[in-house]
Amino acid sequence: MSLFVNWLDHQGGTGAIYQSPTYTNSEKDAYYVLELPESGIVGCGGFYIEKDKKEARLAWGMIHANFHKQGYGTALYNYRKEIIEKECPNHIMVLGTSQHTYSFYEKMGMTVTEIIKSGYGRDLDKYDMTQ
């Protein structure tokens, strides 16, 4: 949780990617919030560019459970993908997620490259993915 709080503390600006000290392996990062006028914040997600790599890592993507299967996750994913393709055209998208959400990213066209049992903690497997 403290890593997520740190990530949020260093966000700001107009939405363009910028340098941030959130992760030591981050050269630039961006974060977006999905808010509906009648419902408030329903989701969020960002990405960061890894230093010395041609990778854009998706980070902290989530949609409130009450808004699953309504297209918001797809919209947020596509928005991040479009920005990465525009601002970092030579980078591949990568992601670390869990057994609970990897199938969503498979539907988006990402591929599992490695599974680490309990990689995020007890009973929370880590799924590394790329597109």
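**Arginine 57 and its surroundings**

Arginine 57 counts as buried, because its relative accessibility is 17%, and a residue is called buried when that value lies under 20%. This description, like everything that follows, refers to a predicted model rather than to an experimental one.

To place this residue in the chain, it helps to look at the element that holds it. Arginine 57 belongs to strand S3, which covers residues 55–63. If we set aside the neighbours within four places in sequence, arginine 57 still touches Gly46, Phe47, Tyr48 and Glu50, and it is also in contact with Val94, Leu95 and Gly96.

One of these partners, Phe47, leads on to another feature of the model, since Phe47 joins Tyr32 and Tyr79 in one aromatic cluster. Across the model, the count of aromatic pairs comes to six.

From here we can step back to the protein chain as a whole, which has three helices and six strands. Read from the N terminus on, these elements follow one another in the order α-β-β-β-α-β-α-β-β.

The contacts of the chain can be viewed in a similar way: among those with a separation of 6 or more, 43% are between residues that stand 24 or more positions apart.

Finally, we can return to the topic of burial, now for the entire chain. Of its 131 residues, 37% count as buried, and arginine 57 is one of the buried residues. The protein chain exposes about 7,900 Å², and carbon and sulfur atoms supply 52% of that area.

Definitions and conventions: Residues are numbered from 1 along each chain as its sequence is written. This is a predicted model: local features need pLDDT of at least 70, side-chain atom pairs count only at pLDDT 80 or more; totals for chains, interfaces and linings use all residues. Side-chain values use heavy atoms; hydrogens and water are left out. Helices (H or I, at least four residues) and strands (E, at least two) are DSSP runs, numbered from the N terminus. Buried means under 20% relative accessible area, exposed over 50%, partly exposed in between (1.4 Å probe, protein chains only). Contact means heavy atoms within 4.5 Å. Rings of Phe, Tyr and Trp (its six-membered ring) pair if their centres lie within 6.5 Å; planes under 30 degrees apart count as stacked, over 60 as edge-to-face and the rest as tilted. Accessible areas come from the Shrake-Rupley method with a 1.4 Å probe; for residues, only the protein chains shown count as cover.
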